[in-house]
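This briefing concerns the open and enclosed spaces of the structure shown below, together with its ligand site and a few backbone features. The points are grouped by topic.

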Amino acid sequence: MMKSTESNIKILFEPKSIAIIGASQHKGKIGYKILENIVAGGYKGKIYPINPKGGEILGIKAYKAMEDVPGDVDVATIVVPAEFVYPALKGCAAKKTKFLSIITSGFSEIGNVEEEKKIVSFARENGMRILGPNIFGFFSAGVSLNATFGPKEVKKGGVAIITQSGALGVAMIGKTAVENIGLSAIISVGNKSDLDETDLLRYLINHEETKVIMMYIEGIKDGARLVGILKEATAKKPVIVVKSGRSKRGAIAAASHTGSLAGSDEIFDAIMKQCNVQRAENIKDALEWCKFLSNSPVPTAENAIIITNGGGIGVLATDACEKYGIKLYDDYEALKKTFAPVMPYFGSAKNPIDLTGQAESSHYSLAFTTSLKNKNISSLISLYCETAVFDIQNFEPLIEETYKKYKAAGKPIVFCLVGGEKVEECVKSLRRRDVPAFNDPYEAVSCLGALYSYANYHGESSETIDKPKLDVKSIEEVIKKVRAENRSFLLSNEGQAVVKAAGMPVPQSYIARNIKEAADYAQKIGYPLVMKIVSKDILHKSDVGGVALDLQNKNEVIEAYEAIINNCRTHNPAATIDGVEVSEMVPHGTELIIGARRDPSFGPIVMFGLGGIYVEVMKDVSFRAIPVGRREILSMIKQIRSYPLLLGVRGEAQKDIESVIDSIIKVSGIIESCPAITDIEINPLVVYEKGVKAVDARILISHLK
Ligand code: ACO
C-alpha cells in the first residue's frame, strides 16, 4: 500500500493542473520559456499562466491572479522576483495548491535566510510543500510535463535525476539527449528549504518506469533520513551519486554555494557504500553507468570473460577489472576445453580469451555463442582492436544481435572497439541504438564494475540489527554527576563506568585516596599493575608523570603513588586530585580503536581501526552510519588495510573478531541511547584470541542548553 508521504509527492510528479506565476509574453524571460516548454512537451493537464496583465500567452488564457483560476491547482511554478514570491503565496493557498516549484533565486543561497523561512512557514501552515527555491524546475515523463527552463527536447526513458545544482541539471538534460539516455524525471532541489532528496526518492523508488536513480549532491542537511531511504531505494534499483566538494576547497565552495554544510568526504564515501549507492567520480561516468545499468540485466554470479583480438587491450581490461572489482573466470582447464575449438592454435584461452590479430567476425561470433551457452560464465567483455583483415561492417550487426541475445538470457555484456574513423562510427551507431559500446576498455569495464558492485551487495540491506543491552540508568547517573561539576568530558574512571554499563569487559580497577588504599587494592587485583592520576584538571596524564606502568610489587606501588602525586602537584599545584587509579595491567594483544560521534550531516556514526600508528600515521580506519548490522560491521572490519593482522601473522592465532563486532555494536548502542554523549573513543580496545578488553575510554558530552 502507498504511504501518505509517497501518495502526496505523487501529486508533484503527476499533477492534474499547473499554474505559472510570472508567465510572460516576452520570449527572453524565464516565465515565457517555462510555459513554452510545458506546452511543447505535450502536458495534458490544465495550464494556468498567471500575469497581472491577463490576456493570452502562447494561445492560452492568462489569469490576472491565482484567485481568478477556476477550481483548485495542484502545482504552482513561481517565477517572479524574490520580493514578490511571499505575496504570491496567498493566492496559491486560496487555490489549495499542494506544491510550489520556486524557480526564483535570491534567498538563503545569498544569505536572505529570513525571507526563505517566512515562505516555508506560510506554506506549511497552508498545507503546501516547496521545491526550491533557486531551481530550474522539474520534468516528469509520466505526464509529459517539462516545467523547466532547460531544453525543450527531453528524451523519455528509465533514468531519474535529482540535482542540487540547477545549471548542471539543465546541462544534463541536454547531455542525456545527446547521449541517448532517456529520463523518467529530472528535478532540481536547489536550496532544499522544504523538500529534499529524501522526499523525492520516496516517490522514485516505487516508480516503475524509473530503472536507475542518479543524484548530484553538494551538501546534505539531514543525512540520517537520507541513509534510511537510500537503503530502501537500493534494495529495489541502483542509485548513482556524484558528490562535489571532495577536495577541501571544493567543500568550501559547495558550502557557500548552497548554504548547507558539506560533510567530510571520507564519511560520505563510507556511508554511500553502506547504502549500496554507487559513487561516480564525475558526471560523465555517472551518466554512462546510468545508461548501462538501466538497460542491462543484473548478473547472478561472478566469473566474467574477456574476449579480445589483441593482447595489450586485453591486459588493460584485466587491470580495469581489478580496479572495478570484477572477478574474472579463472578455471583454466575449463576455459581451455570451452574455447580451444573456437580459436586458432596460437591463441590463448587463459582469459583474456585471445582470438589473435587474425580473428574475423566469425571467430567472435563462435566465441559469443560459446560463452552464452556456458552456465559458468556470467558476463562478457568483448574487445576489438582495428586490423586490416577484419570486416567492421559485419561486426556491427553481430554486436547488436549478440547484445540482444545476452540481454534476453540475463547475462551482462559490454563492447569496446578501438580504431580509426570506421570503428568510431560503428561505436557511435551502436550507442545510438542503446548497445553498450565504448572506445576505451576502462569505460566499458567501469560500467560493468558499477553493475557488479550493485549486484554483489543486493539483499544485504535487509539485515536485522542487534540492539545491545545497556544499563542506560547507570550511564545517565555518570552524566548527571559530570554535568553537576560543569564538565564536558568524563574522567577515565567515569568513562570505564559507562563502557562497563554497556557490557564491555574493562580492566579491574579502583581509585585509591591514600598509600594504604593503593597497597590494599594492589593486593586485591594482583600484579602487574598500572597506576594513573584521577583529576579533572590534568588531562594529559603521561605528559606530567601522572602514569606508572608495569608495577610488579607492593614497594613499587607505594613509590609510584608518591611519585604520581608529587609530579602532578608540581605541575599544577591548584589541581583537584581525586586519587590514583590502580588497575590491572592487561596482557599484550592487538590494540584497536573504536569511536563513535555525532556527525553534523549524518547523525551518529561509528569508526573502527587498529590502534597506535595504524590510526595515527596511516589513518587506516573505516566508518559506518548507525544503526549497523553484524554483517555490515564485519565488512567495516575487513575494509581496513591492516585487517590481515587480525587474522594472525607470523604464527599468531586469529583474533576474536566476533567480540570486536560485539564491541562495535555496544559503542554504537551507547551513542544511540544517550543523546548527551557526543563523542566516544575506546583506545585501546585490546583484542585476544578469546575476548577483548576496553582499556581506556574518552567520552565527551554536550553542554546543557
Ligand atoms: N503574479 C504574476 N505575475 C507577476 C507577479 C505576480 N505577483 N509579479 C510580477 N509578475 C510578472 C511580471 O509582470 C513579469 O511579466 P511581464 O514580462 O509580462 O512584465 C513576470 O512576472 C516576470 O517578472 P519580472 O519582473 O520581469 O522578472 P524576471 O523575469 O526578469 O525575473 C526571475 C524573475 C527569473 C524569477 C528572477 O528574479 C530570478 O530569480 N532569476 C534567477 C532564476 C534562476 O537562475 N534560478 C535558479 C535556476 S538553477 C540555474 O542556475 C540554472
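In this predicted model, the lining of the second largest pocket takes at least two residues from each of helix 9 (265-274), strand 14 (278-279), helix 10 (283-295), helix 16 (441-457) and helix 22 (630-639). The pocket holds about 820 Å³ of space. Its lining comprises 28 residues, and those closest to the centre are K273, Q278, R279, Y324 and S453.

**Second largest pocket and domains**

- Helix 16 makes the greatest contribution to the lining of the second largest pocket, namely 6 residues.
- By class, this lining consists of 8 nonpolar, 10 polar and 10 charged residues.
- The chain is assigned domain 1 (6-210), domain 2 (300-458), domain 3 (472-584) and domain 4 (590-701).
- Domain 2 and domain 4 each provide at least three residues of the lining of the second largest pocket.
- The centres of domain 2 and domain 4, taken over C-alpha atoms, are 42 Å apart.

**Ligand site**

- The ligand is surrounded by 22 residues, of which S24, K29, N51, K53 and S105 come nearest.
- This shell is made up of 12 nonpolar, 8 polar and 2 charged residues.
- Two side chains place polar atoms by ligand oxygen atoms: the distance is 2.7 Å for an N or O atom of S24 and 3.0 Å for a polar atom of H26.
- S105 contributes through its backbone, where a polar atom lies 2.8 Å from an oxygen atom of the ligand.
- The ligand taken alone exposes 1000 Å², and the protein buries 71% of that area.

**Cavities**

- How many cavities of 30 Å³ or more does a search of the whole structure find? The search returns 5.
- The largest cavity has a volume of about 80 Å³, and the second largest cavity has a volume of about 60 Å³.
- Residues lining the largest cavity include E288, K291, F292 and N295, as well as R431, D434 and C447.
- Helix 10 supplies the largest share of that lining, 4 residues, while strand 19 (437-438) also supplies at least two.
- Helix 10 thus takes part in two linings, that of the second largest pocket and that of the largest cavity.
- The lining of the largest cavity contains 6 nonpolar, 1 polar and 4 charged residues.
- Around the second largest cavity, the lining residues are I465, D466, K467, P468, I626, P627, V628, I665, S668, G669 and E672.
- These lining residues divide into 6 nonpolar, 2 polar and 3 charged.

**Backbone features**

- Most residues other than glycine have a negative phi, and most peptide bonds are trans.
- The peptide bond between N351 and P352 is cis, with omega about 10°.
- P352 is located in the loop between helix 12 (332-339) and strand 16 (353-354).
- A cis peptide bond also runs from N683 to P684, with omega near 5°.
- P684 is placed in strand 27 (residues 677-687).
- K96, a residue other than glycine, has a positive phi near 50°.
- K96 belongs to the loop between helix 3 (82-94) and strand 6 (99-102).

Technical notes: Residues are numbered from 1 along each chain as its sequence is written. This is a predicted model: local features need pLDDT of at least 70, side-chain atom pairs count only at pLDDT 80 or more; totals for chains, interfaces and linings use all residues. Side-chain values use heavy atoms; hydrogens and water are left out. On a 1 Å grid over the protein atoms alone, a cavity is a set of points where a 1.4 Å probe fits but cannot get out, and a pocket is an open set with protein on both sides within 12 Å along at least five of seven lines; lining residues have an atom within 4 Å of a point. Grid points are joined across faces, edges and corners, and a volume is the space filled by probe spheres set on the points. Ala, Val, Leu, Ile, Met, Phe, Trp, Tyr, Cys and Pro count as nonpolar, Asp, Glu, Lys and Arg as charged, and the others, Gly among them, as polar. Domain bounds come from an automatic or database domain assignment. A residue is near a molecule or strand if one of its heavy atoms lies within 4 Å of it. A polar contact is a pair of N or O atoms within 3.5 Å; within protein, one must be able to donate a hydrogen and the other to accept it, and residues adjacent in sequence count only if both atoms are side-chain atoms. Accessible areas come from the Shrake-Rupley method with a 1.4 Å probe; for residues, only the protein chains shown count as cover.
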